[in-house]
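Colleague: I am new to this structure and would like a close look at a single part. Please take me to the metal site, then outward from there.

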Amino acid sequence: MSKRCIGCGSVLQIENPLETGYVFDFSKDYCMRCFRLKHYHEFQQGTEIDKKSLLDSIKKKKGLFFFFVDFLQLSKESLDYFLDLPSPKILLVSKCDIIPKSLTYAKLEKWITQEFHIQERILFVQRNSLSSLKKIQREMENYPGNDFYFLGMTNAGKSTFLNAFLREVEGKESSIVESEYPNTTLDFIDISTSLGVIHDSAGIPYDIPLSDKKLFEKSQIKKELHPLNYPLKKGTRLLIEDLIEIEVLEDTSIVCLLSQNYRIQKSYQPAIESPEFFSLKIPDKSNLLIKGVGVFYFKRETSIVLHGLKREHVEVLPSYMGGLS
Ligand SMILES: Nc1nc2c(ncn2[C@@H]2O[C@H](COP(=O)(O)OP(=O)(O)OP(=O)(O)O)[C@@H](O)[C@H]2O)c(=O)[nH]1
Ligand SMILES: [Mg+2]
């Protein structure tokens with residue numbers, strides 16, 4: 001059987017340094033990419049996951065599926081993947097340490113159930129909470145089978161949660177690499193525990209507009225989000241990192257949930273020159289989700305033009321944010 005990298009799960013190989021799983025020789029446990037990521041924080045652009053073969057292989061698995069979606073990525077796209085999975089499955093809303101305190105889990109759960117027609121159990125989890133880890137432990141104890149799959153969107157925190165579970169619940173160290181960049185885990189990694197085998201997996205990639213190393217680092221949110229309110233006059237633009245512009249075509253205000261590391265400015269003139277733009281009418285009390293970036297709440301119906309984005313980068317959803325500011 002071929003040897004696999006203990007950091008990302010890819011099959012080790014000595015032929016091609018540009019392909020995944022490359023090592024100088026087979027005595028190594030980590031592939032070159034994981035070694036550099038762990039020790040030098042080096043991000044290798046262009047490591048891509050074949051979404052179709054990943055989804056096909058997931059559907060063939062048998063066991064209890066834990067599907068991770070991080071709070072800011074709750075979208076139709078990600079929940080459609082969840083709905084498509086065979087049962088038994090549980091939806092885990094991860095990184096719940098970043099959820100504003102004014103937004104209760106009960107309210108969010110109701111929103112998820114209604115908006116995405118989810119009937120399965122929904123659990124809210126975060127990496128640094130023993131009670132989150134215990135919730136998973138209980139689900140594992142109550143499941144008669146032996147296989148547990150950590151699935152979900154890339155960057156949702158699957159590997160981090162598994163590492164915390166192994167450390168805090170099982171009392172062992174784990175070698176799985178976690179990082180703020182997408183596609184860190186590249187294949188299944190099987191870990192034996194006292195309750196059965198947990199299989200970490202490659203996250204499902206999604207189209208995101210910002211894709212350089214610095215921006216991935218900036219996008220990480222380490223503590224509770226504080227909604228930022230921007231009143232905007234007709235014709236004003238909200239500029240994010242000089243790459244994305246939300247131009248409003250009428251007086252409105254936008255409440256933003258996104259990383260405070262991003263540079264956000266108001267601009268009265270076009271600030272970016274992007275060939276990509278399109279218009280949208282946002283209904284009142286809606287969220288504009290920009291995938292991988294954040295959530296923008298519109299209390300009032302507003303016509304906008306989005307610059308620097310493609311249509312597949314965004315979703316418009318009824319909001320859970322009423323009353324937040
Ligand atoms: N705020 C917060 N950040 C988290 C949490 N869990 C993970 N992260 C961060 O999220 C990023 C992604 O974590 P990973 O564990 O590598 O995510 P993953 O789902 O395994 O990603 P892939 O392997 O690419 O599918 C890292 O920067 C983590 O530090 C959490 O509970 N709260
Ligand atoms: Mg991972």
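Modeller: What follows starts at the metal and works outward through the helices, the cores and a few unusual backbone spots. Keep in mind that this is a predicted model.

Start with the magnesium ion, ligand 2. Two side-chain atoms coordinate the ion: OG of Ser159 and OG1 of Thr185. Their distances are 2.0 to 2.1 Å. The two residues come from distant parts of the chain, 26 residues apart. Ser159 belongs to helix α6, residues 158-168. Thr185 sits in the loop between α6 and β5, and β5 covers 189-193. Are these two residues buried or exposed? Ser159 is buried, and Thr185 is buried too.

Stay in that loop for a moment. Asn183 also lies between α6 and β5. Its phi is near 55°, a positive value, yet Asn183 is not a glycine. Most residues other than glycine have a negative phi. Asn183 is buried, because its relative accessible area is 8%, below the 20% limit.

Now follow helix α6 itself. Helix α5, residues 130-142, packs against α6. The two axes are 10 Å apart, and the angle is about 85°. That angle falls between 65 and 115 degrees, so α5 is roughly perpendicular to α6. Which residues meet there? From α5 come Leu130, Ser132, Leu133, Ile136, Gln137 and Met140. From α6 come Phe161, Ala164, Phe165 and Glu168.

Pick out Ala164, which lies in α6. Its relative accessible area is 2%, so Ala164 is buried. Setting aside neighbours within four places in sequence, Ala164 is in contact with Arg127, Leu133 and Val169. For a sense of scale, compare Ala164 with Cys256. They are 92 residues apart in sequence. In space, their C-alpha atoms are 30 Å apart.

Step back to the whole protein. The protein is divided into domain 1 (1-42), domain 2 (50-200) and domain 3 (214-318). The C-alpha centres of domain 1 and domain 3 lie 38 Å apart.

Next, the interior. In soluble globular proteins, nonpolar side chains tend to be buried together. Here the largest nonpolar core has 56 residues. Phe67, Phe71, Leu74, Leu79, Leu108, Ile112 and Tyr320 touch the most other members. Helix α4, residues 105-116, gives the largest share of this core, with four residues. Another core lies apart from it and has 26 residues, including Ile240, Leu280, Ile282 and Val293.

Tyr320 deserves its own look. Which residues is Tyr320 in contact with, leaving aside its neighbours within four places in sequence? The list is Phe71, Leu103, Lys107, Leu108, Trp111, Leu257, Asn287 and Val295.

Two more backbone spots remain. One is a cis peptide bond between Ser87 and Pro88, with omega about 0°. Most peptide bonds are trans. Pro88 has its place in the loop between α3 (76-84) and β2 (89-94).

The other is Lys285. Phi of Lys285 is positive, about 50°, although Lys285 is not a glycine. Lys285 lies in the loop between β12 (277-282) and β13 (286-290). Is Lys285 buried or exposed? Lys285 is exposed, because its relative accessible area is 51%, over the 50% limit. Asn183, with its positive phi, is buried instead.

Conventions:
Residues are numbered from 1 along each chain as its sequence is written. Chains are lettered from A and ligands numbered from 1 in the order in which they are written. This is a predicted model: local features need pLDDT of at least 70, side-chain atom pairs count only at pLDDT 80 or more; totals for chains, interfaces and linings use all residues. Side-chain values use heavy atoms; hydrogens and water are left out. A nonpolar core is a set of buried Ala, Val, Leu, Ile, Met, Phe, Trp, Tyr and Cys residues joined through side-chain atoms within 4.5 Å. Buried means under 20% relative accessible area, exposed over 50%, partly exposed in between (1.4 Å probe, protein chains only). Contact means heavy atoms within 4.5 Å. Donors are N, O and S atoms within 2.8 Å of the metal (3.2 Å for Na, K and Ca); water is not among the atoms, so sites may look incomplete. Domain bounds come from an automatic or database domain assignment. Axes are lines fitted to C-alpha atoms, for helices over the stretch in contact, and angles run from 0 to 180 degrees between N-to-C directions. Angles under 35 degrees count as roughly parallel, over 145 as roughly antiparallel, 65 to 115 as roughly perpendicular and the rest as oblique.
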